[in-house]
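Q: I would like a close look at a single part of this model, the disulfide and the strands around it. Please take me through that region in one connected account.

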Amino acid sequence: QVQLVESGGGLVQAGGSLRLSCAASGGTFSKYAMGWFRQAPGKEREFVAVTNWSGGSTYRADSVNARFTISRDGASAVVLQMNSLKPEDTGVYYCAAGRNGVRDPLEYDYWGQGTQVTVSS
């Protein structure tokens, strides 16, 4: 059974940092892109960042570019380093795995349960 488990969320003041991790199990993810999405209350799930299967190619949303960094931690794990956090970064952050490293959440096959990130002003 495929599982993606996120960790590292929490409460932080604006300007602070958090490091989210996602570990995948129950399948072979060496050829999957892995990405992060987030969802704020009352809003649609939005793309944050994605890395391809090797970690050699990454893409970030304009809203987080230069503040967030995504990286692979082996074949079955991905890390999202978030710096200079803003209150608008608040939301539930989801890890996802899919064969195409794109922005559309419908293109992803597997999802984690999410981890809450709250940035206070």
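A: Both cysteine 22 and cysteine 95 are buried, and in this predicted model the two are joined by a disulfide with an S to S distance of 2.1 Å. A search of the whole structure finds one disulfide, and this pair links distant parts of the chain, with cysteine 22 in strand 3, cysteine 95 in strand 9, and their positions 73 residues apart in sequence. The torsion about the S-S bond of cysteine 22 and cysteine 95 is about -80°, so the disulfide is left-handed.

On the side of cysteine 95, the surroundings are those of a mostly covered strand, since seven of the eight residues of strand 9 are buried. Strand 9 and strand 4 run antiparallel and are joined by seven bridges, and within that pairing tryptophan 36 stands opposite cysteine 95. Tryptophan 36 belongs to strand 4 and, at 0% relative accessibility, counts as buried. Asparagine 65 gives a reference point for its position, as tryptophan 36 and asparagine 65 are 29 residues apart in sequence and 13 Å apart in space, C-alpha to C-alpha.

Strand 9 also pairs with two further strands. Three bridges join strand 9 to strand 11 in the antiparallel sense, with valine 92 opposite glutamine 116 in strand 11. Another two bridges, again antiparallel, join strand 9 to strand 10, which covers residues 110-111, and there alanine 97 has tyrosine 110 as its bridge partner.

On the side of cysteine 22, strand 3 belongs to an open sheet of four strands in the order 1-3-8-7, with antiparallel pairing. Strand 1 (3-7) and strand 7 stand at the edges of this sheet and have a single partner strand each, so one side of each is left without a neighbour in the sheet. From one strand to the next the twist averages 15°. Strand 1 and strand 3 are paired antiparallel over five bridges, and one of the pairs across them sets valine 5 against alanine 23 of strand 3.

The strands that carry the two cysteines also contribute to the largest nonpolar core, which has 31 residues and in which Trp36, Val48, Phe68, Leu80, Met82 and Tyr93 have the most contacts. At least two residues of this core come from each of strand 3 (18-25), strand 4 (33-39), strand 5 (46-51), strand 7 (68-72), strand 8 (77-82), strand 9 (91-98) and strand 11 (115-120). In soluble globular proteins, nonpolar side chains tend to be buried together.

Phenylalanine 68 shows how residues from several parts of the chain meet here: apart from its neighbours within four places in sequence, phenylalanine 68 is in contact with residues including Val48, Leu80, Met82, Leu85 and Tyr93, as well as Arg38, Arg60 and Asp89.

Strand 5 adds a polar residue to the picture, as threonine 51 lies in that strand and is buried, with a relative accessible area of 1%. The side chain of threonine 51 reaches the backbone oxygen of serine 57 at 3.5 Å. Leaving aside neighbours within four places in sequence, the residues in contact with threonine 51 are Ala33, Met34, Ser57, Thr58, Ile70, Arg72 and Val78.

How values were computed:
Residues are numbered from 1 along each chain as its sequence is written. This is a predicted model: local features need pLDDT of at least 70, side-chain atom pairs count only at pLDDT 80 or more; totals for chains, interfaces and linings use all residues. Side-chain values use heavy atoms; hydrogens and water are left out. A nonpolar core is a set of buried Ala, Val, Leu, Ile, Met, Phe, Trp, Tyr and Cys residues joined through side-chain atoms within 4.5 Å. Buried means under 20% relative accessible area, exposed over 50%, partly exposed in between (1.4 Å probe, protein chains only). Contact means heavy atoms within 4.5 Å. Two strands pair if DSSP finds at least two bridges between them. Axes are lines fitted to C-alpha atoms, for helices over the stretch in contact, and angles run from 0 to 180 degrees between N-to-C directions. A disulfide is a pair of cysteine sulfur atoms within 2.5 Å. A polar contact is a pair of N or O atoms within 3.5 Å; within protein, one must be able to donate a hydrogen and the other to accept it, and residues adjacent in sequence count only if both atoms are side-chain atoms.
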